[in-house]
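Colleague: I am new to this structure and would like a friendly tour. Could we go through it together, one question at a time?

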Amino acid sequence: MKVEMNLDNDSNNLVQAPTNGNSEKLSPSTLSSLLGSKDRDYLLCSTAAAAETDQQVKISDLEGKVIGIYFSANWYPPCRNFNRVLIGVYEQLKSNGSNFEIVFVSSDEDLDAFNNYRENMPWLSIPFSDLETKKALNRKYDVESIPCLVILQPDNTKDDDTYYDGVELIYRYGVDAFPFTKEKLDELRREEKRKHDSQTVTNLLTNPERDYLWDQTITRKVPVDSLKGKTVGLYLSAQWCMPCVEFTPKLISIYQKIKQALQEKGGGEDFEIVFVSNDRDQSSFESYFGTMPWLALPFRDPTARTLAKYFDVQWIPCLIIIGPDGKTVTKQGRNLINLYQENAYPFTDAKVESLEKEMEEAAKSLPRSEYHAGHRHLLTLVSEGSGGGPFICCDCEEQGSGWAYQCLECGYEVHPRCIRAVTPQSSIEDRIQLDFSRQLRDVSHERFSADMATSPIPARNQANEASSKFPYKKKKERIVRQVFCF
């Protein structure tokens with residue numbers, strides 16, 4: 001499952017799931033039992049290769065190779081997004097002569113969907129009709145979400161030879177992750193730590209050809225060095241992304257309030273934001289940036305992609321906070337803004353801890369239960385220790401944590417600040433009106449779907465469950481509802 005990884009301190013260690021039972025060497029017989037069946041000793045080759053050669057590849061031909069078992073489905077947008085990234089990495093590795101192969105395990109709904117999805121895949125596939133092998137692989141590697149890429153080493157004799165977080169490795173390191181050995185990943189982590197230890201706002205935002213940012217008019221160049229000593233937010237966003245368009249006005253308001261408070265306070269402390277665009281063209285960039293009161297990297301500057309990879313950005317909008325010393329404070333700037341508004345500044349651990357304590361004190365005076373406009377059931381106040389935890393507010397559709405009003409019947413949750421107390425009857429009437437309003441909004445969201453289809457960085461609006469068709473078992477903890485836009 002794709003998860004956001006904080007690169008600070010010890011948390012930049014990659015998560016590796018435990019192996020299932022004893023590891024075994026990937027001999028031809030082991031590969032056949034893993035990827036084949038009693039009636040099949042082959043895999044389907046790519047559609048392009050099938051036009052020139054035999055449509056089948058013997059499973060035994062994979063002996064001695066690093067293998068990625070790729071669980072994916074055409075109907076799920078995060079899979080389609082990762083698929084494009086994986087194709088680029090795979091083709092680059094193959095062109096370099098790397099001993100690497102991928103085997104696609106489909107979760108598509110029917111044969112046509114499988115064939116359409118596989119059409120652009122340059123790797124091998126298990127036949128769609130072989131349900132038993134696909135189920136066995138899902139059980140063996142305990143696949144709970146897709147996309148999932150399980151990396152197997154050719155001499156799989158150690159407990160640490162199987163990596164279950166191949167999606168993370170590809171997103172985070174690309175081709176540099178190959179051959180996905182513990183030694184290689186340790187080397188990459190050391191290099192990553194070295195870069196973060198020596199990080200400054202200057203080396204983050206400049207390159208050999210550019211040492212400036214654009215101001216709001218896109219006519220005046222602002223030296224990057226002018227940001228030294230300031231708290232800086234790197235705002236990765238795009239106009240085609242509906243969650244970004246919805247979050248940007250909120251961020252503008254908070255930004256202006258923080259700037260005003262610092263100006264009134266005096267002492268030279270300052271806050272700035274730098275827009276890192278993921279827009280498709282210059283006109284979209286200029287139109288979107290024209291609504292913002294801060295600075296921006298030039299459109300299509302290579303630093304934008306470098307930053308996305310460096311901070312392991314897997315969805316937008318994303319707000320990364322850099323402290324006055326040039327070091328990363330948090331990658332959770334967006335969530336902190338949603339939770340605490342301008343009070344989140346300067347976004348440090350100490351500040352967040354203080355705000356959490358204030359929230360605990362404020363919760364003591366809140367009603368234990370309320371009826372809320374827009375929901376028909378009684379909502380109960382819960383904390384992280386009494387059934388609460390991270391959630392997505394069903395009213396403002398932004399993240400929350402700690403205290404929440406939760407429906408014990410259906411899981412509906414809202415921030416305490418979003419509660420609009422009503423009588424039970426008026427709650428039902430408001431719910432009808434709210435459902436109608438959301439239908440109108442959903443229609444407007446659809447206008448963005450075509451642009452989202454080719455984005456290199458996905459957008460995440462944590463508003464609805466990604467898909468009721470998801471084939472894997474739910475985890476025991478509460479599922480955060482989310483929809484991915486591409």
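Modeller: Gladly, and one definition will help first: a residue counts as buried under 20% relative accessible area, as exposed over 50%, and as partly exposed in between. Please keep in mind that this is a predicted model.

Colleague: Is R300 buried or exposed?

Modeller: R300 sits in the loop between β12 (295–296) and α11. Its phi is a positive value near 60°, in a residue other than glycine. The relative accessible area of R300 is 64%, and exposed means over 50%, so R300 is exposed.

Colleague: F347 also has my attention. Is F347 buried or exposed?

Modeller: F347 is found in the loop between α12 and α13. Its phi is positive too, near 70°, and F347 is not a glycine. With a relative accessibility of 1%, where buried means under 20%, F347 counts as buried.

Colleague: Thanks! Now the whole chain: what percentage of the residues is buried?

Modeller: The chain is built with 15 helices and 22 strands. Among contacts between residues at least 6 apart in sequence, 65% join residues at least 24 apart. Of the 486 residues in the chain, the buried share is 50%.

Colleague: Which helix gives the largest share of the largest nonpolar core?

Modeller: That core has 57 residues, and L205, L234, Y235 and W294 touch the most other members. The largest share of this core is eight residues, and the helix they come from is α9.

Colleague: Which residues does L234 contact, leaving aside neighbours within four places in sequence?

Modeller: L234 is one of the core members that touch the most others. Once neighbours within four places in sequence are set aside, its partners are L205, V274, L307, F311, C318, L319, I320 and I322.

Colleague: How is α9 placed relative to α12?

Modeller: Helix α9 covers residues 242–265 and helix α12 covers residues 333–340, and their axes come within 11 Å. The two axes cross at roughly 70°. Angles of 65 to 115 degrees count as roughly perpendicular, so α9 is, relative to α12, roughly perpendicular.

Colleague: Which residues of α12 make that contact with α9?

Modeller: The residues of the contact divide into four nonpolar, one polar and two charged. From α9 come F247, K250, L251 and I254, and from α12 come R334, I337 and N338.

Colleague: How many residues of α12 are buried?

Modeller: Those buried in α12 are G333, R334, N335, L336, I337, N338, L339 and Y340. After the helix comes Q341, whose phi is positive, near 55°. The helix is mostly covered, with a buried count of eight of its eight residues.

Colleague: What is the distance between the C-alpha atoms of Q399 and I337?

Modeller: Q399 belongs to strand β18 (residues 399–400). It is buried, because its relative accessible area is 16%. Q399 and I337 are 62 residues apart along the chain, while their C-alpha atoms are separated by 9.7 Å.

Colleague: Let us turn to another helix pair. How is α6 placed relative to α7?

Modeller: Helix α6 (residues 166–173) and helix α7 (residues 182–197) have axes 13 Å apart and pack at an angle of about 45°. That angle makes α6, relative to α7, oblique.

Colleague: Which residues of α7 meet α6?

Modeller: By class, this contact has four nonpolar, no polar and three charged residues. The residues in α6 are L169, R172 and Y173, and those they meet in α7 are L185, L188, R189 and E192.

Colleague: Is T206 buried, partly exposed or exposed?

Modeller: T206 lies in the loop between α8 (201–205) and β8 (212–214). Leaving aside neighbours within four places in sequence, it is in contact with D211, V224 and T303. Its relative accessibility is 22%, so T206 counts as partly exposed.

Colleague: One last topic, the cis peptide bonds. What is omega for the bond joining Y345 and P346?

Modeller: A cis peptide bond joins I316 and P317, with omega about 0°, and P317 is in the loop between α11 (302–310) and β13 (318–322). P346 lies in the loop between α12 and α13 (349–363). The bond joining Y345 and P346 is cis, with omega about 10°.

Key: Residues are numbered from 1 along each chain as its sequence is written. This is a predicted model: local features need pLDDT of at least 70, side-chain atom pairs count only at pLDDT 80 or more; totals for chains, interfaces and linings use all residues. Side-chain values use heavy atoms; hydrogens and water are left out. Axes are lines fitted to C-alpha atoms, for helices over the stretch in contact, and angles run from 0 to 180 degrees between N-to-C directions. Helices (H or I, at least four residues) and strands (E, at least two) are DSSP runs, numbered from the N terminus. Angles under 35 degrees count as roughly parallel, over 145 as roughly antiparallel, 65 to 115 as roughly perpendicular and the rest as oblique. Contact means heavy atoms within 4.5 Å. Ala, Val, Leu, Ile, Met, Phe, Trp, Tyr, Cys and Pro count as nonpolar, Asp, Glu, Lys and Arg as charged, and the others, Gly among them, as polar. A nonpolar core is a set of buried Ala, Val, Leu, Ile, Met, Phe, Trp, Tyr and Cys residues joined through side-chain atoms within 4.5 Å. Buried means under 20% relative accessible area, exposed over 50%, partly exposed in between (1.4 Å probe, protein chains only).
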